[in-house]
Amino acid sequence: MFGLVDCNNFYVSCERVFQPRYEGRPVVVLSNNDGNIISRSAEAKALGLRMGDPYFQVKPLLQQHNVTVFSSNYALYGDMSRRVMWYLGQSAPGVEIYSIDEAFLDLAGMEKHLGSLDAFARKIRAGVKARTGIPTCVGVAPTKTLAKLANRIAKKNPDLGGVLYLDNAARRAWALGQVAVGDVWGIGRQYAQKLTAAGIDTAADLARVSDTWARKHLGGVVGARLVQELQGRPCAGLHPSEDGTLARQSISCSRTFGRPLAAFADVQAAVASFLSRAAEKLRRQNDTAHVLTVYLSKNRFATNVLPPFSRSATLTLPSGPTADTTVLLSYARAMLSRLWEPGTLYHKAGVVLDGLEPPGTGQQLSLFEKPASIPNKREEKSLKVDRPGLMASLDALNQRFGRGTVRVASTVLPPAPGGRPVPAPWEGKAQWRSPAYTTRLEDLLIVR
DNA sequence: TCTGGGGTCCTAGGACCC
DNA sequence: TCTGGGGTCCTAGGACCC
């Protein structure tokens, strides 16, 4: 059996923990750059606000109904998530952190122990609420896909008390009939359209299609597994998250710029800044990366811009895997020059680190590179700097004194005439950001 | 004026290898 | 006239997730 614990309206709920006056009132949280709605309270959903709505489009509606708006505060959400996950880790034998606000629980064999998984799920739910203030729903079922489905039904039907346990075939059949095919985990817009056109409208209909049909029309083996899981046959196990954190197979950092950029120097500094951040995440997870991708995007909403809206370059690092910001930067600069089209307005850039492995596993010297033990004169000079040590010091300083305290020079634009530092033009808006209550001493909540 | 960011898995085609 | 088969790696892109 699997449990799926999913936080309700997670970002909104995080804000409400520290500002309880927003309970019972419409609240939304916006994406980076205050661009789109990414979290909505139940009251905001009832007003017809949808996930992903651009802020500027729904602004009148928000004002009309006096909806409270927050910019996203990832320092807060990340820390609240850590607390929720820590508690889950204490409560279940195996936990797989699936996203910032969701985790699968391994409940194999626990029925015998506990008698009722329903009561257990309710206990977990109450425990998360008591310890963090975050409301959740819990679905329990024999496969991950069915646990997701059960969770969804629990969310939609408050009378269930936030928990649904699909313990027998009759309940499962009932549950499958409750859910539209487009709301099944793994069925997105494209597939939903295709399925309804073929007369498959509910999860129950989808559970009845043949393996061959699923393979042919739902992305091959992925679709076949999905159907099996709906039928109650598990195709995916639980991958426990070590020490309460999620190790990733790729790390990326990208941003839509605060305003469109046309100058190479600006975009280059932006890319350097994103890559520095990605490399920092990489080192925090104690990995090195062997593959680097850089991409540039134009404005995909502009009527005068033709696709492709994005160009990317991917490079397997000839010098082997690294976690050194300066090494990664030297490659990124060259890749950016290759992608650059003069006279273009760029809206967004990003970097991706792939081929992650722990340091020291697969060092590969390039054909033209001498091993570090016999350096030439120039290398001798650069080798005086202990790079891993340099990176560790950089991270330690930024950890202690705040992100960005010490930076690689290429992420900083030359000062304006008069010597004043230039604000980074790629940084976006965040007009309504709440304090980092739990991660910055100055932001600590004061209770009178 | 204004439209997010960070992930996963899978497939397909070309280059290259034996 | 006639031109293999099986494999890997790389790159790009599609579909999906939260």
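In this predicted model, a side-chain N or O atom of serine 250 lies 2.8 Å from a phosphate oxygen of DNA strand B, a polar contact in the sense of a pair of N or O atoms within 3.5 Å (within protein, one must be able to donate a hydrogen and the other to accept it, and residues adjacent in sequence count only if both atoms are side-chain atoms). The backbone of threonine 256 places an N or O atom 2.7 Å from a phosphate oxygen of DNA strand B, and the side chain of serine 31 has one 2.8 Å from a sugar or linking oxygen of that strand. Two elements, α12 (221-230) and β9 (251-261), give two or more residues each to this surface; helices (H or I, at least four residues) and strands (E, at least two) are DSSP runs, numbered from the N terminus. β9 has the largest share, six residues.

DNA strand C is surrounded by 16 residues, with Ser99, Asp101, Lys148, Gly186 and Tyr191 the closest; near means that a heavy atom of the residue lies within 4 Å. Of the atoms of DNA strand C within 4 Å of the protein, 100% belong to sugar and phosphate. Polar side-chain atoms of aspartate 101 and glutamate 102 lie 2.7 Å and 3.1 Å, respectively, from a sugar or linking oxygen of DNA strand C.

Residues are numbered from 1 along each chain as its sequence is written, and chains are lettered from A and ligands numbered from 1 in the order in which they are written. Local features need pLDDT of at least 70, side-chain atom pairs count only at pLDDT 80 or more, and totals for chains, interfaces and linings use all residues, while side-chain values use heavy atoms, leaving out hydrogens and water.
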